[in-house]
Amino acid sequence: MKITVIGTGYVGLVSGVCFSELGNDVTCVDHIEKKIEMLRNGEVPIYEPGLKELIQKNTEAGRLVFTTDLTEPIQKAEMVILAVGTPSLPNGEANLSYIMAAAKEVAQAINKNNMVIVTKSTVPVGTNEKINNLIMEHTNFTFSIASVPEFLREGSAIKDTLHPDRIIIGTESEIAKRKLTELHRPLTDQIIITDVRSAEMIKYASNAFLATKISFINEIANICEKVGADVTKVAEGMGYDRRIGSSFLKAGIGYGGSCFPKDTQALIQIAGHVDYDFKLLKSVVEVNNDQRFNIIRKLESILGNLQGKTIAIWGLSFKPETDDVRDSPAFDIIHSLLDRHAKVRAYDPIAVKNFRSQLNRNEVHYCSSAEEAALQADALCVLTEWNEFSEIPLLEIQEWLKRPILIDGRNIYTEEELLDTELMYYSVGRPNMNKGVREEVPLLFLK
Ligand code: UDX
């Protein structure tokens with residue numbers, strides 16, 4: 001199939017590359033010349049395991065092309081995929097200006113009937129109908145519209161795209177149903193065909209539900225700390241119930257990234273537009289925004305005033321295996337530390353450059369290794385669960401630190417590993433450990 005993908009961000013680039021890997025002829029279009037130039041030279045603007053190799057393979061096979069010119073690829077294609085960004089506006093609503101501009105350009109370039117125009121960007125319910133109307137205004141050729149939301153995760157984007165749990169096809173058009181089923185059939189049998197509005201809603205509802213699971217387990221973790229239970233065991237026990245499932249029940253410092261924060265806010269706005277107060281989701285967001293500050297509260301309860309204290313930070317990206325720092329909890333945590341006049345020494349395996357360019361504060365000392373950040377620090381905080389961190393023996397960490405205080409925001413170390421250490425260890429929703437011994441929580445909470 002000849003496909004043109006508009007937008008070479010995460011979703012557009014990964015989808016385009018994966019469709020070419022399936023044997024389709026794919027042209028990826030982007031306005032940003034520098035990005036296209038990079039991609040043509042085999043350089044990848046984002047860090048995503050396996051992506052570079054697949055780009056190289058499919059470019060060499062002649063199935064994958066990058067260009068800034070939209071007209072010719074649209075005219076050659078039988079399907080166009082819109083995968084441009086829908087960032088948040090200040091009020092939380094999705095900014096649709098980029099996708100509308102792209103749709104208009106597509107409409108003006110169409111030169112034949114039966115084009116299938118697919119939206120992969122996350123858009124509020126009703127947007128595809130707006131896109132349909134806009135395209136109709138600018139072309140006399142027949143075309144069909146479909147919503148095929150994307151569920152890939154950063155860091156495992158290739159695997160998620162080539163082995164999806166399900167494919168959602170939202171369209172009223174028979175041609176679009178047939179072509180999209182044909183395109184996705186090699187990936188999965190789990191293809192759900194529905195109307196456009198439901199497809200748009202499935203994406204928001206899925207992300208909102210996953211965000212809810214995370215905030216739920218984070219609140220359970222906060223209670224576990226007070227009653228002396230272990231949230232990892234609680235989550236394991238809950239997860240075996242197939243109705244609940246074990247994924248997205250890892251307690252920590254809360255979710256970040258390009259999707260959950262943006263999509264939860266957008267869904268609250270969508271509900272608000274139809275006079276529905278989405279109370280549950282508002283609480284999910286509130287819980288998430290507060291969870292990260294537990295790191296600061298813990299530091300202050302141990303060290304007292306943080307002024308002049310050296311705090312080592314391990315992990316700046318919103319999750320491991322990515323250099324993406326969008327909405328990373330590390331921003332709020334580091335701002336808070338600097339506001340309290342602590343000295344911050346930060347390290348991340350690959351996200352330092354992105355983080356530094358977005359923090360806008362020059363007081364942070366960025367380090368080129370985990371050891372350098374931890375050396376002589378008054379406390380070490382783990383904010384992202386990079387394997388590199390969990391592989392460092394705790395006795396080494398103890399040697400590096402000035403005071404043996406370890407705040408683990410992602411629960412990456414086990415009780416067994418702590419046994420032979422002198423560390424004071426505080427994690428999320430698990431018993432504190434002091435010199436290898438569990439700190440008991442007195443039963444004072446029982447009335
Ligand atoms: C998410 C969705 O998973 C994906 O389907 C959608 O297309 C885009 O948004 P992504 O943002 O790449 O993907 O990362 P994900 O792995 O879902 O993690 C999101 C955030 O939740 C991270 O900050 C992660 O640390 C956090 N998280 C995830 C938890 O705190 N606990 C968990 O159990 C799972």
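1. The shell around the ligand. In this predicted model, helix α9 (residues 196-227) gives the most to the shell around the ligand, contributing three residues. The ligand is surrounded by 19 residues in total, and the closest are E154, K250, Y255, G257 and C259. By type, the shell residues divide into ten nonpolar, four polar and five charged. Domain 1 (2-194) and domain 2 (203-290) each supply at least three residues to the shell.

2. The division into domains. The protein chain is divided into three parts: domain 1 (2-194), domain 2 (203-290) and domain 3 (292-444). Between the C-alpha centres of domain 1 and domain 2 the separation is 29 Å. Twelve residues from domain 1 and ten residues from domain 2 take part in the contact. On the side of domain 1 that touches domain 2, six residues are nonpolar, four are polar and two are charged.

3. The annotated active site. The "active site" annotation in UniProt, from an unreviewed entry, lists C259. Where in the fold is C259 found? C259 lies in the loop between α10 (231-239) and α11 (260-273). C259 counts as buried because 24 C-beta neighbours lie inside 10 Å, the threshold for a buried residue being 20 or more. C259 is also one of the residues closest to the ligand.

4. The annotated binding site. The "binding site" annotation in UniProt, again from an unreviewed entry, covers D30, K35, T86, T122, E154, K262 and R326. These positions are spread over 297 residues of sequence, and they are also spread in space, with up to 24.0 Å between C-alpha atoms. Among them, E154 is also listed with the residues closest to the ligand. Two further members of this set, T122 and R326, are taken up in the next two points.

5. T122. The loop between β5 (115-119) and α6 (127-138) holds T122. Is T122 buried or exposed? T122 is buried, because 23 other C-beta atoms lie within 10 Å. Leaving aside residues up to four places away in sequence, T122 touches T86, P149, K203 and D263. Of these contacts, T86 also belongs to the annotated "binding site".

6. R326. R326 has its place in the loop between β9 (310-314) and α14 (329-339). With 18 other C-beta atoms within 10 Å, R326 is partly exposed; a buried residue would need 20 or more. Not counting residues up to four places away in sequence, R326 touches G256, G257, S258 and F318. G257 is, in addition, among the residues closest to the ligand.

7. T322. T322 is likewise found in the loop between β9 and α14. T322 counts as buried, because 26 C-beta neighbours lie inside 10 Å. Apart from residues up to four places away in sequence, T322 touches Y47, E154, G155 and S317. One of these, E154, is covered by the "binding site" annotation. T322 and H273 stand 49 residues apart along the chain, and 34 Å separates their C-alpha atoms.

8. Strands β1 and β2. Strand β1 (residues 2-6) pairs with β2 in the parallel sense, over five bridges. Which residue of β2 is the bridge partner of I3? The partner of I3 is V26. Strand β2 (residues 25-29) is mostly covered, with four of its five residues buried.

9. The eight-stranded sheet. An open sheet is formed by eight strands in the order β11-β10-β9-β12-β13-β14-β15-β16, and the pairing is mixed. Why is one side of β11 and of β16 left without a neighbour in the sheet? β11 (365-366) and β16 (437-438) stand at the edges, and each has a single partner strand, so one side of each remains without a neighbour there. Within the sheet, strand β14 (residues 424-426) and strand β15 (residues 433-434) run antiparallel and are joined by two bridges. M424 stands opposite N434 in β15.

10. E440. The segment after β16 contains E440. Because E440 has 9 C-beta neighbours inside 10 Å, E440 counts as exposed; the limit for an exposed residue is 12 or fewer. E440 and S144 are 296 residues apart in sequence, and C-alpha to C-alpha they are 64 Å apart in space.

Conventions: Residues are numbered from 1 along each chain as its sequence is written. This is a predicted model: local features need pLDDT of at least 70, side-chain atom pairs count only at pLDDT 80 or more; totals for chains, interfaces and linings use all residues. UniProt positions are given in the numbering used here, feature names are shortened, and annotations may be inferred rather than shown by experiment. Two residues are in contact if their C-beta atoms, placed from the backbone, lie within 7 Å. Domain bounds come from an automatic or database domain assignment. Ala, Val, Leu, Ile, Met, Phe, Trp, Tyr, Cys and Pro count as nonpolar, Asp, Glu, Lys and Arg as charged, and the others, Gly among them, as polar. A residue is near a molecule or strand if its C-beta atom, placed from the backbone, lies within 6 Å of it. Two strands pair if DSSP finds at least two bridges between them.
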